[in-house]
Amino acid sequence: MENPLKIVIVGCSGRMGHVLLECVFADGELVLHGAVDRGDVDGVVNPHLGRDAGEQLGKLSGVKVVDDIAAALKGADVLVDFTRPEASMNYLAACQQAKVAMVIGTTGFSNEQKLAITDASKDIGIVFAPNMSVGVTLLINLVQSAAKVLSEGYDIEIIEAHHRHKVDAPSGTALRLGEAAASALGRNLEQCAIYGREGVTGERDPSTIGFATVRGGDVVGDHTVLFAGIGERVELTHKASSRATFALGALRAAKFLNGKASGLFDMQDVLNLR
Ligand code: NAD
């Protein structure tokens with residue numbers, strides 16, 4: 001490829017970071033420009049710093065892992081972020097400063113942090129989506145259609161399962177699916193969500209959307225949206241079996257941002273599903 005897109009991966013030593021590196025190395029339209037991670041982990045120097053980003057994958061890339069985000073962004077096209085909200089906020093500010101587009105896959109942001117992302121999108125192109133897989137992006141559309149048809153007499157419950165290391169709950173994807181159902185029904189998710197039940201809860205309020213969270217083992221990510229009526233249930237389910245689905249979606253989003261000077265987009269935009 002003549003001018004491959006220059007990608008910076010932050011959180012490059014994490015679970016998603018590793019899969020992203022593999023996918024960048026395998027894609028002829030992309031080149032690894034920078035690999036960034038934090039300088040220390042709980043007071044211990046990050047052992048990956050200064051080593052080749054591809055070393056652990058058995059593929060030397062000539063790019064060393066650094067913690068200096070400003071240096072890594074020089075001359076870059078797109079930064080891909082799968083880290084933690086507080087880290088993402090720092091990377092967002094650095095991208096805004098350097099005018100580098102950003103793909104944000106991190107989940108667990110507060111409303112205030114989401115507003116900061118919206119604000120930054122006036123200066124740089126951003127794709128922000130809690131789930132970058134093609135299947136889940138389609139599922140969001142299917143949930144909206146189902147909610148419109150099953151708007152009366154059907155209770156909506158969202159069940160999600162993830163691996164034991166996941167730190168936020170319910171998952172960003174479950175919340176996005178809840179928002180899709182709520183908006184199709186003219187409801188506000190913040191007002192109608194029930195996050196778990198315990199004790200004498202009383203009968204179910206039909207206007208609510210319930211969430212149930214399962215954590216364990218190495219589950220990559222399962223989501224079911226259940227529409228439970230009288231005499232029938234409709235279940236829309238997505239199961240991810242490999243993190244590659246998220247990484248490939250994120251890199252598709254990076255290519256989508258090429259040439260976009262500003263704007264906030266999600267995977268619906270990337271896949272032209274609006
Ligand atoms: P992980 O814990 O394996 O990796 C996190 C990475 O971020 C590590 O490299 C870590 O060093 C780095 N990091 C953490 N705190 C940091 C800080 N304060 N400053 C700088 N770097 C920091 O996690 P993971 O499983 O790779 O998931 C990362 C994020 O991506 C999570 O929020 C997860 O929910 C999300 N995720 C999103 C999608 C999607 O499709 N959008 C898919 C999978 C995971």
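**Domain interface, ligand surroundings and local backbone features**

Across the interface of domain 1 and domain 2, four residue pairs are found in polar contact, with both residues of each pair at pLDDT 80 or more. On the side of domain 1 that touches domain 2, the elements that contribute two or more residues are helix H8 (244-257) and helix H9 (267-270), and of the elements on this side H8 gives the most, with three residues. Sorted by class, the side of domain 1 that touches domain 2 holds five charged, five polar and two nonpolar residues.

The model described here is predicted. In this model the protein chain is divided into domain 1, which is made up of residues 5-128 together with 243-270, and domain 2, which covers residues 134-240. The C-alpha centres of domain 1 and domain 2 are 29 Å apart, and the contact between the domains involves twelve residues of domain 1 and 14 residues of domain 2. The size of an interface is often expressed as the accessible area that is lost when the parts come together. For domain 1 and domain 2 the area buried between them is about 1000 Å², with 47% of it on carbon and sulfur atoms. Although polar contacts are present across this interface, the count of salt bridges between domain 1 and domain 2 is zero.

The surroundings of the ligand comprise 22 residues, of which Arg15, Met16, Asp37, Thr107 and Met132 come nearest. Polar backbone atoms also approach the ligand: in Gly11 such an atom is 3.4 Å from an oxygen atom of the ligand, whereas in Pro130 a polar backbone atom is 2.9 Å from a ligand nitrogen atom. At Ala129, a backbone N or O atom lies 3.1 Å from a nitrogen atom of the ligand.

Thr107, one of the residues that come nearest to the ligand, is also touched by Lys166, which in addition touches Ser171 and Arg215 when residues up to four places away in sequence are not counted. Lys166 is located in the loop between strand E9 (155-162) and helix H6 (172-184), and its side chain makes a polar contact of 3.0 Å with the side chain of Asp168. The loop between E9 and H6 also contains Pro170, which is joined to Ala169 by a cis peptide bond with omega of about -10°.

A further backbone feature is found at Asp42, in the loop between strand E3 (40-41) and strand E4 (44-45). The phi of Asp42 is near 50°, a positive value in a residue other than glycine. As a general background to these two features, most peptide bonds are trans, and most residues other than glycine have a negative phi.

Methods:
Residues are numbered from 1 along each chain as its sequence is written. This is a predicted model: local features need pLDDT of at least 70, side-chain atom pairs count only at pLDDT 80 or more; totals for chains, interfaces and linings use all residues. Side-chain values use heavy atoms; hydrogens and water are left out. Domain bounds come from an automatic or database domain assignment. Contact means heavy atoms within 4.5 Å. Buried area is the accessible area (1.4 Å probe) that two parts lose on being put together, summed over both. A salt bridge is a side-chain nitrogen of Lys or Arg within 4 Å of a carboxyl oxygen of Asp or Glu. A polar contact is a pair of N or O atoms within 3.5 Å; within protein, one must be able to donate a hydrogen and the other to accept it, and residues adjacent in sequence count only if both atoms are side-chain atoms. Helices (H or I, at least four residues) and strands (E, at least two) are DSSP runs, numbered from the N terminus. Ala, Val, Leu, Ile, Met, Phe, Trp, Tyr, Cys and Pro count as nonpolar, Asp, Glu, Lys and Arg as charged, and the others, Gly among them, as polar. A residue is near a molecule or strand if one of its heavy atoms lies within 4 Å of it.
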